[in-house]
Amino acid sequence: NSGAVLLFSSIIPRLSEYERFKPYIYGINFALEKWCAKTKGNCIFIPTFRCFLECGRPMAELYSGRDGLHLNGAGTDILEACFQQALSTGYLVRRLHTKRIRKLAALPY
């Protein structure tokens, strides 16, 4: 569906083996953000990664104690808040409005 708008959340940091995977996560998030920017509003990148860091390290209290990979209830709440903020700031509405104007301008009248 060419009219669909997709929201992409960045990959959030892993608590376990953070230093090992950090370069990969940053690289993928950077590439994903750039790719979303090239879609001219069809894909929107939400930088949720930052919400899970404190002083450059993942906040342990947001992850499951079992594996350090999956979020616990508090981590899930933070992720939800990131999406709520992205949807409520008007950013998505402005992007959709701009996309609609471009589409209307391309119609032959």
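1. In this predicted model, Phe49 has a relative accessibility of 6% and therefore counts as buried, since the limit for that word is under 20%. Its ring is one half of an aromatic pair with Tyr26, and the arrangement is edge-to-face, with 4.9 Å from centre to centre and 65 degrees between the planes. For a reader new to such descriptions, a pair of aromatic rings is described by the distance of the centres and the angle of the planes.

2. The partner deserves a separate look, because Tyr26, at 39% relative accessibility, counts as partly exposed, whereas Phe49 counts as buried. What does this pair tie together? Tyr26 lies in helix H1 and Phe49 lies in the loop between strand E2 (43-46) and strand E3 (53-54), so the pair ties together parts that are 23 residues apart in sequence.

3. The pair of Tyr26 and Phe49 belongs to a set of three aromatic pairs that the structure holds, and another pair that can be described here is the one formed by Phe52 and Tyr63. The ring centres of Phe52 and Tyr63 are 6.4 Å apart and their planes stand at 55 degrees, so this pair is tilted. It links distant parts of the chain, with Phe52 in the loop between E2 and E3 and Tyr63 in the loop between strand E4 (57-58) and helix H2 (73-88), 11 residues apart. Phe52 counts as buried because its relative accessibility is 0%, and Tyr63 counts as buried as well, with 3%.

4. Ile11 can be placed in the loop between strand E1 (6-9) and helix H1 (18-38). Is Ile11 buried, exposed or partly exposed? With a relative accessible area of 34%, Ile11 is partly exposed. When its neighbours within four places in sequence are left aside, Ile11 is in contact with Ile25, Ile28, Asn29 and Phe49, and Phe49 is the buried residue discussed in the opening point. The C-alpha atoms of Ile11 and Tyr26 are separated by 8.4 Å, although these two residues are 15 residues apart along the chain.

5. Ile11 also takes part in a feature of the surface, where Ile11, Tyr24 and Ile28 form a nonpolar patch that has about 310 Å² of accessible area together. It may help to keep in mind that Ile28, a member of this patch, is also listed among the contacts of Ile11.

6. The next point concerns charged side chains. The charged end of Arg14 sits over the ring of Phe21, at 4.3 Å from the centre of that ring. Side chains of opposite charge, for their part, can pair when their charged atoms come close, and the structure holds two salt bridges.

7. One of these salt bridges is formed where the side chains of Arg20 and Glu17 meet, with 2.5 Å from N to O. Arg20 is exposed, having a relative accessible area of 53%, while Glu17 is partly exposed, with 41%.

8. Which residue forms a salt bridge with Glu19? The partner is Arg57, and the closest N and O atoms of the two are 2.9 Å apart. This pair links distant parts of the chain, since Glu19 is in helix H1 and Arg57 is in strand E4, 38 residues apart. Arg57 counts as partly exposed because its relative accessibility is 39%.

How values were computed. Residues are numbered from 1 along each chain as its sequence is written. This is a predicted model: local features need pLDDT of at least 70, side-chain atom pairs count only at pLDDT 80 or more; totals for chains, interfaces and linings use all residues. Side-chain values use heavy atoms; hydrogens and water are left out. Patches are made of residues with over 30% relative accessible area and no salt bridge: like charges are joined within 9 Å, nonpolar side chains (Val, Leu, Ile, Met, Phe, Trp, Tyr) within 5 Å. Accessible areas come from the Shrake-Rupley method with a 1.4 Å probe; for residues, only the protein chains shown count as cover. A salt bridge is a side-chain nitrogen of Lys or Arg within 4 Å of a carboxyl oxygen of Asp or Glu. Helices (H or I, at least four residues) and strands (E, at least two) are DSSP runs, numbered from the N terminus. Buried means under 20% relative accessible area, exposed over 50%, partly exposed in between (1.4 Å probe, protein chains only). Rings of Phe, Tyr and Trp (its six-membered ring) pair if their centres lie within 6.5 Å; planes under 30 degrees apart count as stacked, over 60 as edge-to-face and the rest as tilted. A charge sits over a ring if NZ of Lys or CZ of Arg is within 6 Å of the ring centre and within 35 degrees of the ring normal. Contact means heavy atoms within 4.5 Å.
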